[in-house]
Structures are given as C-alpha cells and as structure tokens.
There are 2 protein chains.
Amino acid sequence: MAQRGRRTRRVSGDERQDAILVTAEALLGERAFDDISIEELARGAGISRPTFYFYFSSKDEVLLALLDRVITEVEHRVGDLPRDFESDPAGAWTRSIGMFVEVFVAHRGVATAAIAARARNDEVRALWSKSMQSWVDFSSDVIRSEQARGAAPEATDAHDLAVSLNLMNERVITAVLNQETPAIAESRALDVLSTIWIRSIYGSANPGRG
Amino acid sequence: MAQRGRRTRRVSGDERQDAILVTAEALLGERAFDDISIEELARGAGISRPTFYFYFSSKDEVLLALLDRVITEVEHRVGDLPRDFESDPAGAWTRSIGMFVEVFVAHRGVATAAIAARARNDEVRALWSKSMQSWVDFSSDVIRSEQARGAAPEATDAHDLAVSLNLMNERVITAVLNQETPAIAESRALDVLSTIWIRSIYGSANPGRG
DNA sequence: CGCGTTTTCAACAAGGTGTTGACTCTCCCG
DNA sequence: CGGGAGAGTCAACACCTTGTTGAAAACGCG
C-alpha cells in the first residue's frame, strides 16, 4: 500500500512527497478537501503544479496516502484493544468506542475528507471500508462471544448489529465534529453511544406494554 | 421555498423548469450528482446551457428544488405518523422507522445526492437538517412520553438518544442503498434498526456480568 | 402594429485538471 | 574526469466546466 504514485525513490524526492502530505494535512485542518487546489498543495511543498504530478497522479492519491497511514494505525490499535468484557462489559465497550472516537478526533481532517471522497472515489471507498471492516470484525467477534457465554441474547445477528452500531458511531461522530444540526454535545457523545451499544447488545427485545 | 431561481413565472417557462427537474431526477437515478454536467441538464430539457441559468442559478439549486419537494412530503408524513405506542410499542416504532426507510428508497437519488452535497453546500445542509430535525423531534417527543408513562427508563436524555438513532438510520440506509461494504442485507435492515431502537429506548443499562 | 417583458443563446472569461517535451541536476561508471 | 542515464523540474498547452454578458428573437397586450 506504500509506494503510491512514485516509480522509484532515492534521495531528496521523498522529502518533497512528504512535504506535499504535510501541506495537505495542514490545509485539511482549516478547510474542505474540495476547496484545496493542486496548485496550493504544490506551492506549499515548494514545487510547481506540474511537478506535483511527478509525486502523485491526482489530488485523491494524496488523500489516499494520508488515509493509508490512518488505516495502518487503526488496525494496530484494534489489535491492541482489551477484551476484558467478562469482568466489566460496560467499561470495556466504552473503552473500545472511545478508541474509535479518538481516531476520528485525532485525524479529523483526513477522516471527514475521506468520508466525503468515498462517494466518488473507488480507492478511497475500498480503503475506508477496510478500516470499518476491522472495527466491525472486532465488534461482532466480541458480541458473538458475549452471546456464547450467555450474557447477551442471541436473537439478533451479531454481524448485522455490529455493522449498524459502527455505522452509527461513524455518523454521530462526524456530526459532532462538523457541528451539524441535529447533533449532540461532544462531551455527551461517548456516553450516549456506549449506552446504545450496551442496551442493543445485552438488552431484551420486549418493551413493557401499556 | 418555492420560487427558487426564477424571477417571475407566466406561461411556458414553467414547463422548462420542470423539464430540468425531471431530467435531473432521471439522471440521478443512473449516476452521481457530480458526474452530471449543467450541459446535460440543459440538453435534457431541450435548452442551451446559458438558458439553464435563466431557470436555476447553479446545479446545486436544482438539487435544492428536488430536495424541497422531498422535505415537504416528509413533514407531511411525519405529522400523519401513528402514535399508538402504548398498545404496541415495538410495532409502532417499526412502522415509524419503516416510513423513514420508505422515503429514502422512494427518493434514493435525491437523498444520496443531498447527503453528499451537504458537505459543501450550506443551503442543502440547512434543508436536510430541517428534515432530520422533524424526525428527531417526533422521536424525542415519543421517547419522552414513553419515559413519562414509565415504560422507558429516564436515565438517558431523550433528545440525545433520538439524534443518535436517527443518524444511525440515515447512515445504515444509505449504506444499504449504495451497497457499501460493510453493510447489511436490505431485507434485514428494518428488523435490525427496530431492534436497536427498541432496546436503546426501553432497555436497561446493566448488562449481566461474568 | 409596436413596445416592453420574457426567453434564448453565441461568445467570452475564469479557473481547475492533466499532459508534453525539453531542460537541469546529480551521480555513477567507464 | 567526462559523458550518459535517470531523477526532478516546469513553461506552455489542451481541455473541460462553470458562470457572465450583451444582443437578438418571441411573445403578449394595449
């Protein structure tokens, strides 16, 4: 997944490529991906626009490279996630969801740009979906083991539940980060999301009737 | 909210404006909004590109007009939503969520285009958020009344819950419609979403410990 | 008819993307 | 150490899309 765009690499070209990436991440912190031109990326890295194309074949490739780093970090962190669900299910889920929140907050610009670019770019979509998949796999594994030990009802398919809850997290967190309306307060997000996860995974499906 | 783009209206100009809208909706059925040029919209309506600007000031205005219709329909349908939650909470919620699903499916092209355009266009964002807001208001009203009658625990803020669950619906349904990965089967969507809603609203927050 | 308003579009301007071809620089090998 | 093979660079070009302008055609009504 590394080695995007460039043919070979020897001396100082790397620095240029890096400079483009650094410029892109900085600009993404202050405005939307669509509002950043290749000209700006090039100028920020101290090169001309045509030279930009020597390093990346398009603006989307830059986003892809940025996203690539985030994905790598995510897969690492998912692997390190504690699985102490038996002793403290609520706490364990909250910590897992907290990690999700942390990644979004830490790479806010890249995450929101990638989510928007996903609609038009196949490679971005594939890469993002890989990341979501690793979260979904983690969640559904845990849900299944909670069902196996009798702590959670088996009525609902673990995979469907995991997908829906992870998509909820993605959407709620982006709404919070972008300060959309409607959204919830940033300070309440983790609490609300955890509550929904826990009730959905462990709760019964029979509300009290009138 | 009607009367977008045009100064006055008298005779046959309306048909042209309508033809643009019809063309847009048809094209949105087969590809993404970004991949449709104003040239195509104009040709589809039998006019030249500059003439398009007589009717709409931009491509986004066309989407806005399309979305406007959908929003109107939504507000109408939310008002007509049954509130028979006391006798059959699960069924009532499922029917309400089903309406949400129906609207997305019926206006699939407009909905997905609007969601994508929301990121860059303030007016689209405002209009979409108005629609979400009417769903959120409905949901939180019902949640609060369920809490008041003692059927649902009051531990969680009704508004925060309503926002999160509605955002989940938005995201899960678009994932299903776009056949994303990960997603769930279209036939399972309503069932899974209802389950999560019901457990989140009525369930307790205390999972069984190991 | 004749005059104002509506409607139309050729032509232009601006701004972005991606490509070409030639030039420089570096460094390594003969 | 001199000459080539890349790597790296960019002016200039071609192209597409959006949005504007100004003048002309069509229409309705007195």
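# Notebook: two chains and their salt bridges

**Entry 1. The interface bridges.** I began where the two chains meet, and the rule finds 4 salt bridges across the interface of chain B and chain A. I note for myself that this is a predicted model. One bridge I looked up joins the side chains of A:Arg171 and B:Glu170, at 2.7 Å from N to O. I also asked which residues are linked in a network of salt bridges. The network I found links A:Arg118, A:Glu170, B:Arg171 and B:Glu180.

**Entry 2. Polar contacts and the helices behind them.** Next I counted polar contacts between chain B and chain A, and I got 12 residue pairs, with both residues at pLDDT 80 or more. Then I checked which elements give two or more residues to the side of chain B that touches chain A: they are helices H5 (89-106), H7 (122-148), H8 (158-177) and H9 (186-202) of chain B. H8(B) supplies the largest share of that side, with 12 residues. I sorted the residues of this side of chain B by type and wrote down 24 nonpolar, 13 polar and 12 charged.

**Entry 3. The area of the contact.** How many residues does each chain bring to the contact? I read off 49 residues from chain B and 49 residues from chain A. Between them, the two chains bury about 4100 Å², and 61% of that is on carbon and sulfur atoms. On the chain B side, B:Arg171, B:Pro182 and B:Arg199 lose the most area to chain A, and together they make up 19% of what that side buries. I had already met B:Arg171 in the salt-bridge network.

**Entry 4. How the copies are related.** A reminder to myself: two copies of a chain are related by a rotation about an axis and a shift along it. Here I could lay chain B on chain A with an RMSD of 0.1 Å, using a turn of 180° and a shift of 0.0 Å along the axis. That is the relation of a two-fold axis. Of the residues of chain B, B:Met168 comes closest to this rotation axis, with its C-alpha at 2.1 Å. I then compared the two sides: 100% of the interface residues of chain B are also interface residues in chain A, so the copies meet through the same surface.

**Entry 5. Chain A by itself.** I zoomed in on chain A and listed 9 helices and 0 strands. Its pattern along the sequence reads α-α-α-α-α-α-α-α-α. The C-alpha trace of chain A spans about 70 × 35 × 25 Å along its principal axes. Of the 210 residues in chain A, 54% are buried. I also looked at contacts in chain A with a separation of 6 or more, and 67% of them are between residues 24 or more positions apart.

**Entry 6. Salt bridges across the sequence.** Searching the whole structure, I found 33 salt bridges over all chains. I picked out some of those in chain A.

- The side chains of A:Arg69 and A:Glu25 form a salt bridge at 4.0 Å, N to O. This pair links distant parts of the chain, with A:Arg69 in helix H4 (residues 59-80) and A:Glu25 in helix H1 (residues 13-30), 44 residues apart. A:Arg69 is partly exposed at 42% relative accessibility, and A:Glu25 is partly exposed at 32%.
- The side chains of A:Glu39 and A:Arg49 also form a salt bridge, at 4.0 Å, N to O. A:Glu39 lies in helix H2 (residues 38-44) and A:Arg49 in helix H3 (residues 49-55), so the pair ties together parts that are 10 residues apart in sequence. I marked A:Glu39 as partly exposed at 32% relative accessibility and A:Arg49 as partly exposed at 38%.
- A:Arg95 and A:Asp84 meet through their side chains in a salt bridge at 3.0 Å, N to O. A:Arg95 is in helix H5 (residues 89-106), while A:Asp84 is in the loop between H4 and H5, 11 residues apart. A:Arg95 is partly exposed at 42%, and A:Asp84 is partly exposed at 30%.

**Entry 7. One acidic residue in helix H4.** Last, I looked up A:Asp60, which is found in helix H4 of chain A. Is A:Asp60 buried or exposed? A:Asp60 counts as buried because its relative accessibility is 15%, and buried means under 20%. I then asked what its side chain contacts, and I found a polar contact with the side chain of A:Asn121 at 2.8 Å. Leaving out residues up to four places away in sequence, A:Asp60 touches A:Phe33, A:Arg120 and A:Asn121.

Definitions and conventions. Residues numbered from 1 in each chain as written. Chains lettered and ligands numbered in written order. Heavy atoms only, no water. Contact = heavy atoms within 4.5 Å. Buried area = accessible area lost by both parts, 1.4 Å probe. Polar contact = N/O pair within 3.5 Å; in protein donor to acceptor, adjacent residues only side chain to side chain. Helix = DSSP H or I, 4+ residues; strand = E, 2+ residues; numbered from the N terminus. Nonpolar A, V, L, I, M, F, W, Y, C, P; charged D, E, K, R; others polar. Buried < 20%, exposed > 50% of the residue type's maximum accessible area, 1.4 Å probe, protein only. Least-squares fit on C-alpha atoms with pLDDT ≥ 70 in both.
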